Amino acid sequence: MSSNQRLRTNYGTEAAEAAEPEPGLVDERLLVLVLESTKWDLRLLCLASSVSRKLRAIAKRVLWRQLCFHRAPHMVASLMDGGPKGGRIAGGWPALAKLMFFCCGAEPEPSRHFRLGQRLPGHFVKASRFSKTSGRSFLPRKCRGDLLYVSDPCEHQMSDQNEDLGLYRGVFKGFMSSRTRACLIRRQVTLEDRVCPYCGARVWSMTTARLVPRSAARRLGSRDGRLEYFVCVNGHLHGSCWLIPLSSDEDNGRPGDDNDDDKSDDDGLMTNDDSGIYSSGSLSSTEEEVVGDSYSSPNAN
Ligand SMILES: [Zn+2]
Ligand SMILES: [Zn+2]
């Protein structure tokens, strides 16, 4: 071998090694162990995902899924219907993780049915409670067979409004085969010119589709016509509502004449008591509290 050839060979080897990250850094088992030791630290995983394309790919394929299972075992098992832990989920695991821990904020004019006048940035949440009993309130009667988890509203004070704004989010199990989707397709509801803040897919407005039951307003502590929500083609839900002030002596937003829902609060978890204030009880298999990391982001509200 000539010195030139040796040089080329050495250079080639060095270049290849330089291009390869340290093997330990991309060892899935090691990454899982590290993240397990941090109890699946959300920000550490965000950070790891931004280090390199290889780490991002591993996070997308393995780590976000593990984080979801660790942080919300009951809800995720329910969404997966007891399927294998290695299974896929519509929209991907990073999108579900984002939905669990991130309030997506709102645009000044989120839609033609809802006006805010100011932009609200998204933020990490300290904790969110997702409930399928709550989710039932967002399903029209004929779609009650679907399984939908919906979070408590994240409350935002609005400087120029008497009412607080509530932002909430949720996820369907098996949306592709859901009655809700079949109903949207059957009614030929067109997709909106906006995308899901969690997975980037197109969304349907349930208001436009006339599929918002009155029970949704009751559940949120809002009034009829004062809320809106969207569902993306992957089954992620996000929405906004005006929350009735707690001092309001109105009828607490509960028309009480549709008696089509909220009789299912048999888990005693999220009850809308006579004062109109939501109170929480013990957790059960119908709901799951997901807790963000204990320290807050500089951008978090
Ligand atoms: Zn929020
Ligand atoms: Zn989505």
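Contacts between residues 24 or more positions apart make up 60% of the contacts in the chain with a separation of 6 or more. Keep in mind that this is a predicted model. The chain has 301 residues, and 40% of them count as buried. As for secondary structure, there are 9 helices and 12 strands.

Let's zoom in on one of those strands, β8, which covers residues 227-232. Is β8 buried or exposed? A residue is called buried if 20 or more other C-beta atoms lie within 10 Å of its own. By that yardstick, 6 of the 6 residues in β8 are buried, so the strand is largely enclosed by the rest of the structure.

In a regular strand, side chains alternate between the two faces of the sheet. Here, Leu227, Tyr229 and Val231 sit on one side of β8, and Glu228, Phe230 and Cys232 sit on the other. Both faces are covered, with all of these residues buried.

Now for the neighbours. β8 pairs with two strands, β7 and β9, as the table shows.

| Strand paired with β8 | Residues | Sense | Bridges |
|---|---|---|---|
| β7 | residues 203-205 | antiparallel | 3 bridges |
| β9 | residues 236-243 | antiparallel | 5 bridges |

Which residue of β8 is the bridge partner of valine 203? That's cysteine 232, a residue that is buried on the same side of β8 as Glu228 and Phe230. Over on the β9 pairing, tyrosine 229 stands opposite glycine 239.

β8 and β9 form a hairpin with 3 residues between the strands. In that hairpin, glycine 235 takes a positive phi near 90 degrees.

Key:
Residues numbered from 1 in each chain as written. Chains lettered and ligands numbered in written order. Predicted model: local features only at pLDDT ≥ 70, side-chain atom pairs only at ≥ 80, totals over all residues. Buried ≥ 20, exposed ≤ 12 C-beta atoms within 10 Å, placed from the backbone. Helix = DSSP H or I, 4+ residues; strand = E, 2+ residues; numbered from the N terminus. Pairing = 2+ DSSP bridges. Contact = placed C-beta atoms within 7 Å.
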